[in-house]
Amino acid sequence: MMKGQMVPGHPFYLVFVMRERLRLLLTQDPSLRMRLQIEYARERLEAAAILLQGGEASLAITTLSKAEAYLGSASNEFTHTSTVGNRSETDLQSLVDAMELHLKYMASIKESLLDEDKSRLDGIQEYTKSMRGILEEFFHTTFVKQSSNS
């Protein structure tokens, strides 16, 4: 959808968001739901870039916060999946890679922002770094511990 520049402010943006939410609601498989959330986070990152290029920095930062909320939901989905067998290192790597991409993007735009937007961006970056730390700890206590017990 983002290829058609579906960004906040577009007349059909609300329909786009409702479609995403409905799709997540109807997705039963936690791994698939997590991958959808990562995809939606990437789309929000792209939308933020478009908005920033269009001079709408404040809206871009708000859109970035929504991207990170999707990553947060994906992270929770991953760490709270009831059975370890449904968690894969590939899913974890996809999630960590998405967080790294977002952090790099945020670092790349920071200097171009006004102080108020920089402050908001700092909070978003800290949230993403915190999620990444939780996932790294989860990896060591779940996957590393499993492989050492094998």
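These legends accompany close-up views of one predicted model.

**View 1. Overall fold of the protein chain, an all-helix arrangement of five helices and zero strands.** From the N terminus on, the order of elements is α-α-α-α-α. The chain has 150 residues, and 43% of them are buried. Contacts between residues at least 6 apart in sequence were sorted by separation: 69% of them join residues at least 24 apart. The exposed surface of the chain comes to about 8400 Å². Carbon and sulfur atoms supply 56% of that surface.

**View 2. The largest nonpolar core, built from 18 residues.** Seven members touch the most other members: Met34, Ile38, Leu71, Phe78, Leu95, Met99 and Leu135. Four helices each give two or more residues to this core: α2 (30-53), α3 (57-79), α4 (89-109) and α5 (115-149). A separate core of 16 residues lies apart from it. Val7, Ala47, Ala48 and Leu52 are among the members of that other core. In soluble globular proteins, nonpolar side chains tend to be buried together.

**View 3. Ile38 and its contacts.** Ile38 is one of the residues that touch the most other members of the largest nonpolar core. Setting aside residues up to four places away in sequence, Ile38 touches Leu71, Ala74, Ser94, Leu95 and Ala98. Of these partners, Leu71 and Leu95 are also listed with Ile38 among the core residues that touch the most other members. Ile38 also takes part in the contact between α2 and α4.

**View 4. Helix α1 against helix α2.** Helix α1 covers residues 13-26. Its axis and that of α2 come within 10 Å and cross at roughly 160°. Angles over 145 degrees count as roughly antiparallel, so α1 is roughly antiparallel to α2. The crossing is left-handed. On the α1 side, the residues in contact are Tyr13, Phe16, Val17, Glu20, Arg23 and Leu24. They meet Arg33, Leu36, Gln37, Tyr40, Glu43 and Arg44 of α2.

**View 5. Helix α2 against helix α3.** The two helices pack at an angle of about 165°. Their axes are 8 Å apart. That angle makes α2 roughly antiparallel to α3. The crossing of α2 and α3 is left-handed.

**View 6. Helix α2 against helix α4.** The two axes come within 10 Å and cross at roughly 15°. Angles under 35 degrees count as roughly parallel, and α2 and α4 are therefore roughly parallel to each other. This crossing is left-handed. From α2, the contact is made by Ser31, Met34, Arg35, Ile38, Ala41, Arg42, Leu45, Ala48, Ala49 and Leu52. From α4, it is made by Asp91, Ser94, Leu95, Ala98, Leu101, His102, Tyr105 and Ile109. Met34, Ile38 and Leu95 are also among the residues that touch the most other members of the largest nonpolar core. Ala48 and Leu52 belong to the other core, of 16 residues.

**View 7. Thr81 in the loop between α3 and α4.** Thr81 is buried, with a relative accessible area of 8%. The cut-off for a buried residue is under 20%. Thr81 and Pro30 are 51 residues apart in sequence. Their C-alpha atoms are 6.8 Å apart in space.

**View 8. Ser130 in helix α5.** Ser130 has 41% relative accessibility and therefore counts as partly exposed. Along the chain, Ser130 and Gly72 are 58 residues apart. In space, 9.8 Å separates their C-alpha atoms.

**View 9. Glu136 in helix α5.** Glu136 counts as partly exposed, because its relative accessibility is 41%. Val96 is 40 residues away from Glu136 in sequence. The C-alpha to C-alpha distance between Glu136 and Val96 is 8.5 Å.

Definitions and conventions: Residues are numbered from 1 along each chain as its sequence is written. This is a predicted model: local features need pLDDT of at least 70, side-chain atom pairs count only at pLDDT 80 or more; totals for chains, interfaces and linings use all residues. Side-chain values use heavy atoms; hydrogens and water are left out. Buried means under 20% relative accessible area, exposed over 50%, partly exposed in between (1.4 Å probe, protein chains only). Contact means heavy atoms within 4.5 Å. Accessible areas come from the Shrake-Rupley method with a 1.4 Å probe; for residues, only the protein chains shown count as cover. A nonpolar core is a set of buried Ala, Val, Leu, Ile, Met, Phe, Trp, Tyr and Cys residues joined through side-chain atoms within 4.5 Å. Axes are lines fitted to C-alpha atoms, for helices over the stretch in contact, and angles run from 0 to 180 degrees between N-to-C directions. Angles under 35 degrees count as roughly parallel, over 145 as roughly antiparallel, 65 to 115 as roughly perpendicular and the rest as oblique. A crossing is left-handed if the near helix is turned anticlockwise from the far one by less than a right angle, and right-handed if clockwise.
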